[in-house]
Every structure is written in C-alpha cells, then in structure tokens.
Amino acid sequence: MHIEPGLVNGAKIALSYATAAGAAGIGVKFALEALRERGLPSFVARTAIASLATLISFQLLPHAPVGVSEVHFIFGSTLFLLFGAAPAALGLALGLLAQGLLFAQIDLPQYGMNVTTLLVPLFAIKLVADRIIPRGTAYADVSYKQALALSTTYQAGVVAWVGFWVTYGQGLAITPEVMTFGAAYLMVIAIEPLVDLAVLAGAKTIKGLEHSGLVSDRTLKAA
C-alpha cells in the first residue's frame with residue numbers, strides 16, 4: 001500500500017500532513033481510553049509488539065508491486081483484535097516509520113500519506129466492531145463472518161485511500177492500475193480472516209495471557 005515516490009509532488013504533499021495529524025488526533029483519543037483500561041506498561045508492551053509485527057509484515061513477508069502501489073499483508077484487523085485500536089494504530093505508525101528509516105528512506109516523504117492510509121481504515125474497524133460484535137462477546141470468540149467484515153473494511157479502506165492519493169496527485173480518474181491494485185487486495189481479504197481466527201484461537205490456549213497486559217482488555221473477555 002506504499003504510495004510510490006512521484007505520485008504526489010510539491011505543495012500537494014501538504015494535505016498528507018493534515019490527514020496524518022487528524023489520524024493522530026483520533027489515535028490520542030483511543031490511547032487515553034487504553035491507558036485508563038490497562039495502564040501504561042500494558043499499552044507500551046502492546047504497542048511494541050504491534051510495531052515489530054508491522055515491521056515484519058512490511059519488510060519480510062511477501063509483497064509485490066501491483067498497479068499504482070504495492071500489495072502487503074498488513075493484518076490490520078489482527079492487530080486490532082489482539083491489541084486494541086490505539087496500540088495497533090501506534091504500532092502501525094512506528095513500524096512503518098522504522099521501515100522507512102532503516103530500509104526505505106525513499107518512502108519517508110510519503111510517510112504522511114502512508115500512515116493515513118493505514119490508520120483511518122483501522123479506526124473504521126473500531127466503529128464496525130462496536131456495531132457487529134456484541135458486548136458479551138470477546139474478540140477471541142468472533143465468527144468468521146465477523147472477522148471477514150473487519151478485514152474487508154480495513155482492506156477496502158486501504159484501497160480507497162490509495163485511489164484517493166493517486167487521483168489527487170495525478171489529477172486522474174480511477175485508472176485500470178488502481179482497479180488492478182484493488183483487485184489484488186481480494187487475496188488479502190480472503191486470507192486475513194483465517195489468520196485472525198488462528199491467532200485468536202492460539203491466544204486462548206496461552207494460560208495467563210488475559211492477565212499479562214500483552215493483549216487488549218477485550219481480546220479474551222467480554223466487554
């Protein structure tokens with residue numbers, strides 16, 4: 001989902017600073033809620049794990065250029081279900097930044113666009129989860145249908161933001177390249193819910209994980 005260098009140039013990049021700041025503001029709201037729920041040590045631990053998972057996903061897992069961008073296995077819904085909205089969001093932002101600083105400095109000017117593309121769909125997941133997952137259901141007990149809805153929301157959001165940045169930067173309508181990129185993410189949508197369920201099933205088998213502070217308060221127990 002990386003926005004390629006050159007797609008948005010000059011003064012137009014300023015918009016990405018505004019969208020990233022807006023996403024950061026929403027993240028702060030969720031962060032304050034997370035700190036009240038489980039405290040600072042848990043928040044830091046979950047953020048660190050999410051950051052490492054993001055760096056591994058972007059740097060080590062298979063990814064390929066498709067159309068106007070790259071297709072990655074981001075596992076945004078997995079991070080959300082395990083760690084909660086704020087640690088997942090900060091983990092995505094820090095993991096992306098670490099990749100840029102350590103391995104892909106050419107992507108740093110596009111950081112605002114890329115982090116917006118990652119975070120806004122994640123916050124959309126939170127809204128969808130609040131609507132479709134009953135308060136009496138722990139995230140570890142979600143159904144495949146619910147996991148699919150979260151994954152579809154996230155990946156559709158990523159594709160929509162990439163399409164926006166391309167259209168905004170180049171002044172073009174939706175091109176075949178954007179459509180090709182979107183179609184490629186259907187594979188991710190098919191795989192991610194299965195990963196969600198497998199990871200959550202594994203989490204349920206780890207004794208004491210619920211009280212460790214390494215997962216969100218909602219992951220293993222109902223709201």
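## Around helix H2 and its neighbours

Just after H2, Gly84 takes a positive phi of about 95 degrees. This is a predicted model, so keep in mind that everything below is read from a prediction. We'll start with helix H2 and the residues at its two ends, then look at how H2 and H1 each pack against H4, and finish with a stop at Gln99 in helix H3.

**Either end of H2**

- Before H2 comes a loop, and Phe75 sits in it, between strand S2 (69-71) and helix H2 (76-83).
- Phe75 has a phi near 60 degrees, which is a positive value in a residue other than glycine.
- What's the usual sign? Most residues other than glycine have a negative phi.
- Phe75 counts as buried because its relative accessible area is 16%, and the cut-off for buried is under 20%.
- On the other side of the helix, the residue to look at is Gly84, with its positive phi of about 95 degrees just after H2.

**Inside H2**

- How many of the 8 residues of H2 are buried? The count is 8 of 8, so the helix is described as mostly covered, with buried meaning under 20% relative accessible area.
- If you want to find them in the structure, look for Gly76, Ser77, Thr78, Leu79, Phe80, Leu81, Leu82 and Phe83.

**Ser77 up close**

- Ser77 is part of helix H2, and its relative accessible area is 0%, so Ser77 is buried.
- Which side chain does Ser77 pair up with in a polar contact? The partner is Asp196, and the contact between the two side chains is 2.8 Å.
- Setting aside residues up to four places away in sequence, Ser77 touches Ile125, Leu150, Ser151, Glu192 and Asp196.

**H2 against H4**

- Two packed helices are described by the angle between their axes and the distance between the axes.
- For H2 and H4, the angle is about 60 degrees and the axes are 10 Å apart.
- H2 and H4 are therefore oblique to each other.
- Their crossing is right-handed.
- On the H2 side, the contact is made by Gly76, Ser77 and Phe80, while H4 brings Leu122, Ile125, Lys126 and Ala129.
- Sorted by class, the residues of this contact of H2 with H4 are 4 nonpolar, 2 polar and 1 charged.

**H1 against H4**

- Helix H1 (residues 14-59) also meets helix H4 (residues 111-132): their axes come within 8 Å and cross at roughly 65 degrees.
- That angle makes H1 roughly perpendicular to H4, because the roughly perpendicular class runs from 65 to 115 degrees.
- The crossing of H1 and H4 is left-handed.
- H1 puts Ser16, Thr19, Ala20, Ala23, Ile26, Gly27, Phe30 and Phe58 into the contact.
- H4 answers with Gly112, Met113, Val115, Thr116, Leu118, Leu119, Val120, Phe123 and Lys126.
- By class, the contact of H1 with H4 has 11 nonpolar, 5 polar and 1 charged residues.

**Gln99 in H3**

- Helix H3 spans residues 85-102, and Gln99 lies in it.
- Is Gln99 buried or exposed? With a relative accessible area of 6%, Gln99 is buried.
- The side chains of Gln99 and Gln59 are joined by a polar contact of 3.1 Å.
- Leaving out neighbours within four places in sequence, Gln99 is in contact with His2, Leu55, Phe58, Gln59 and Ala104.

Terms used:
Residues are numbered from 1 along each chain as its sequence is written. This is a predicted model: local features need pLDDT of at least 70, side-chain atom pairs count only at pLDDT 80 or more; totals for chains, interfaces and linings use all residues. Side-chain values use heavy atoms; hydrogens and water are left out. Helices (H or I, at least four residues) and strands (E, at least two) are DSSP runs, numbered from the N terminus. Buried means under 20% relative accessible area, exposed over 50%, partly exposed in between (1.4 Å probe, protein chains only). A polar contact is a pair of N or O atoms within 3.5 Å; within protein, one must be able to donate a hydrogen and the other to accept it, and residues adjacent in sequence count only if both atoms are side-chain atoms. Contact means heavy atoms within 4.5 Å. Axes are lines fitted to C-alpha atoms, for helices over the stretch in contact, and angles run from 0 to 180 degrees between N-to-C directions. Angles under 35 degrees count as roughly parallel, over 145 as roughly antiparallel, 65 to 115 as roughly perpendicular and the rest as oblique. A crossing is left-handed if the near helix is turned anticlockwise from the far one by less than a right angle, and right-handed if clockwise. Ala, Val, Leu, Ile, Met, Phe, Trp, Tyr, Cys and Pro count as nonpolar, Asp, Glu, Lys and Arg as charged, and the others, Gly among them, as polar.
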